[in-house]
Amino acid sequence: MHVTGHTRRPASIRDVATAAGVSYQTVSRVINGHPSVRPDTRDRVLAAIDELGFRRNATALALASGRSRAVTVLTANTTHYGYASILRGVEEEARAASYAVGIGVLESADEAAVAAQVQRAADTGGGLIVIAYDPAGVRALGAVPAGLPVVGVVETPASPPGGDRPWVWTDDREAAYEATRHLLSLGHETVHYVAIPSSARRTGARTAGWRQALRDTGASEPRPVQGGWGPEGGYAAGLELARDPAVTAILCGNDDLALGVLRALHECGRAVPGEVSVAGFDDAPHSAYLTPSLTTVRLDFTGLGRAAFALLHGVLEEAAQMGPHPVSVPELVVRESSGPPPATA
């Protein structure tokens, strides 16, 4: 493709000022939402911005306000569905607020390595969002220097945290409870669990919800099978569970684990849901298109990322106080992979 002629330069703040018949300082006040601008003047400036296609420059705004319009997300993973969806939510909300987003990858849970990554992120200015779903993230959240604005995306807390905890989360414990109760309501005597890693040296929220549902109904409590994060872990766990003919229902800590479990059951000749029911967690995009389609728990990770940025943005703009914020209610999505056990089918 060949391009001829001159490329039109982007409109500047002075171009907007000329078009609106005001000073560039007035345009700056409109852009920054200053209350001292008359409504009719503000309308003229906004009309000029729209007409000229003016785009605010984040660096210039930072210089004008004395604040860095940037946030850094610290995370140990950028590819798994939940992590990636949180990052997308943060980026979408930040872009709408003219903030830049950087990502710092926590490559190790080693204390010195985490501290160094936190310090690098702190040195860039702005605020931090830490995805604390794993030991590295938990350690990073605890290593953020005092006084630096930070929001943690965390597992469901074991108990309601104090108002000084800048956290957001979804209620994974209740979600796992409801998914387990669903499988039990179909007639299964118990539900086996393939677990994801917990963020700390304690029982994860999903494991706790699964166990509580079993206890509340008087069902036996099988030993959880540790599956990791991906399909390969689910496949190994599925091969182990498939050898036991008493296993008729399996809850998986995420949909990737469920994918591996389904493959293992297929290879072992255990029909789903005729012999074994399987449920996942997260409602990843592929879960509705598996054969059979996967019963799972829908979590709004993208909304969680948006909420994390909104909370941090309020603090950075001195418009809100930090505090714990549970976000959204998980939803059980019943599909083809769950049904009654063979004896009652």
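Biologist: How do helix 1 and helix 3 lie relative to each other?

Modeller: Generally, two packed helices are described by the angle between their axes and the distance between the axes. Here the axes of helix 1 (residues 13-20) and helix 3 (residues 39-52) come within 9 Å and cross at roughly 120°. Helix 1 and helix 3 are therefore oblique to each other. On the scale used, angles under 35 degrees are roughly parallel, over 145 roughly antiparallel, 65 to 115 roughly perpendicular, and the rest oblique. The axes are lines fitted to C-alpha atoms, for helices over the stretch in contact, with angles from 0 to 180 degrees between N-to-C directions. Helices (H or I, at least four residues) and strands (E, at least two) are DSSP runs, numbered from the N terminus.

Biologist: And what am I looking at, before we go on?

Modeller: It's a predicted model, where local features need pLDDT of at least 70, side-chain atom pairs count only at pLDDT 80 or more, and totals for chains, interfaces and linings use all residues. Residues are numbered from 1 along each chain as its sequence is written, and side-chain values use heavy atoms, leaving out hydrogens and water.

Biologist: Which residues in helix 1 and helix 3 meet?

Modeller: Look for contact, meaning heavy atoms within 4.5 Å. From helix 1 come Asp15, Val16, Ala19 and Ala20, and they meet Arg44, Val45, Ala48, Ile49 and Leu52 of helix 3. That contact divides into seven nonpolar, no polar and two charged residues. (Ala, Val, Leu, Ile, Met, Phe, Trp, Tyr, Cys and Pro count as nonpolar, Asp, Glu, Lys and Arg as charged, and the others, Gly among them, as polar.)

Biologist: What about helix 2 and helix 3, at what angle do the axes cross?

Modeller: Roughly 90°, with the axes coming within 10 Å. That makes helix 2 roughly perpendicular to helix 3. Thr26, Val27, Val30 and Ile31 of helix 2 meet Thr41, Arg42, Val45, Leu46 and Ile49 of helix 3. By class, that contact has six nonpolar, two polar and one charged residues.

Biologist: Which residues in helix 2 are buried?

Modeller: First the cut-offs: buried is under 20% relative accessible area, exposed over 50%, partly exposed in between (1.4 Å probe, protein chains only). In helix 2 (residues 24-31), Thr26, Val27, Val30 and Ile31 are buried. Down the helix axis, the buried residues fall within an arc of 140° (taken from the directions from the axis to the C-beta atoms), so they line one face of helix 2.

Biologist: Where is Phe54 found?

Modeller: In the loop between helix 3 and helix 4 (58-65). Phe54 is buried, with a relative accessible area of 14%. Leaving aside neighbours within four places in sequence, its contacts are Ala11, Ser12, Ile13, Val16, Ile31 and Ile49. Ser12 sits 42 residues from Phe54 in sequence, yet 6.7 Å away, C-alpha to C-alpha.

Biologist: Which peptide bond to Pro273 is cis?

Modeller: The one from Val272, with omega near 5°. Pro273 is in the loop between helix 11 (255-267) and strand 9 (277-279). Thr291 and Pro292 are also joined by a cis bond, with omega about 0°, and Pro292 is in the loop between strand 9 and strand 10 (296-298).

Biologist: What about phi of Asp282?

Modeller: Asp282 has a positive phi of about 115° although it is not a glycine. Asp282 lies in the loop between strand 9 and strand 10 and is buried, at 9% relative accessible area. Asp283, in the loop between strand 9 and strand 10, has a positive phi near 55°. At 12% relative accessibility, Asp283 counts as buried.
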